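Work through the following exercises with the sequence and the model open side by side. Each task is followed by a solution that goes step by step.

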Amino acid sequence: MKFLKNTFGFVIPLTAMLISFIIYIFSTNILDNYKKTIANDYSIVVITNTPLIKENISELANIRVEKIITLKNDKIIKNISSSLSNTSIDLLKRKLPHFYKIKLEVFPTTSELESIKNQLYENKNVRKVEIFSKNHNTVYLLLLLLSRISMILFSIITIFAIMMISKQIRIWFYEHHEKITILKLHGASILYSSSTILKYAIFSSLISFIAVSAIFIYLVGNIGILLPDDLEGIISVTLTVEDSLIKIFFLSFGISILTIIGVLLKYKIKHD
């Protein structure tokens, strides 16, 4: 009972931090998958007077251009060629503007599409810019907001968790101060003298890791409980369980070990 009481102050803040971390990776993964789903639900068509130098357009509104596709004029000419002479067709080929379709790496928001349009019009060679887009802006911005909030929440909880874990480790050092002092007088190193505290910390980290891993695995297989029915069809989670568990493991033990080292060094400097 005493052992559980000693680890309680360590497990709770560490578990809270790990839960905030899985919320963050869930929201980030959902956003990334949604961006891929809607990636082709827009079209940017550019009409120019002379051929477009594609190499000069690598980025629009701070979004990397994936590719620029040249749209052939042959179909337009073919549709009306029956009523034109060969001379007229040759003239039409020379006079017709050039058409291009631009694809971006990620789905642009409405404001970004407007910026892209204005940026393209800065090129004097551009005659017309037409943008066709389905309205995904509301859902996309909500998911983006959720991802950023979860990141901020994770950062804040991590700071408070480290403070609370440090406090608990200091309590452990205070409780075992007499034992540590006796062992050091007999020539034991500070690491050996504080082995009981290290065991507490490792065991607490293991408890937090197992508990949060169980929650994570359950949520990956039952993500529908977190999403409204209307969103299940358009939002998906494609997290790799093994990779995510490795991240949770390293975060759990990494934070614990680094915090212990920090408190241990402070204790050593104070009592040496």
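Accessible areas here come from the Shrake-Rupley method with a 1.4 Å probe. The model is predicted.

**Exercise 1.** Describe the protein chain as a whole, beginning with its accessible surface.

*Solution.* The accessible surface of the protein chain comes to about 16,600 Å², and carbon and sulfur atoms contribute 63% of that area. Turning to burial, 39% of the 272 residues count as buried. The secondary structure consists of ten helices and five strands. Finally, among contacts with a separation of 6 or more, 84% are between residues 24 or more positions apart.

**Exercise 2.** Classify the aromatic pair of Phe26 and Phe216, and state which helices the pair ties together.

*Solution.* A search of the whole structure gives six aromatic pairs. For Phe26 and Phe216, the ring centres are 5.5 Å apart and the planes meet at 45°, so this pair is tilted, since the angle is neither under 30 nor over 60 degrees. Phe26 belongs to helix H1 (residues 2–37) and Phe216 to helix H8 (residues 195–221), so the pair ties together parts that lie 190 residues apart in sequence. Both residues are buried.

**Exercise 3.** Repeat the analysis for Phe209 and Phe249, and decide whether each is buried or partly exposed.

*Solution.* The rings of Phe209 and Phe249 are 5.3 Å apart, centre to centre, with 80° between the planes, and the pair is edge-to-face. Phe209 lies in helix H8 and Phe249 in helix H10 (residues 241–271), so parts 40 residues apart in sequence are tied together. With a relative accessible area of 16%, Phe209 is buried because the cut-off is under 20%, whereas Phe249, at 34%, counts as partly exposed. Phe209 and Phe249 also belong to one aromatic cluster with Phe250 and Phe253.

Key
Residues are numbered from 1 along each chain as its sequence is written. This is a predicted model: local features need pLDDT of at least 70, side-chain atom pairs count only at pLDDT 80 or more; totals for chains, interfaces and linings use all residues. Side-chain values use heavy atoms; hydrogens and water are left out. Helices (H or I, at least four residues) and strands (E, at least two) are DSSP runs, numbered from the N terminus. Buried means under 20% relative accessible area, exposed over 50%, partly exposed in between (1.4 Å probe, protein chains only). Contact means heavy atoms within 4.5 Å. Rings of Phe, Tyr and Trp (its six-membered ring) pair if their centres lie within 6.5 Å; planes under 30 degrees apart count as stacked, over 60 as edge-to-face and the rest as tilted.
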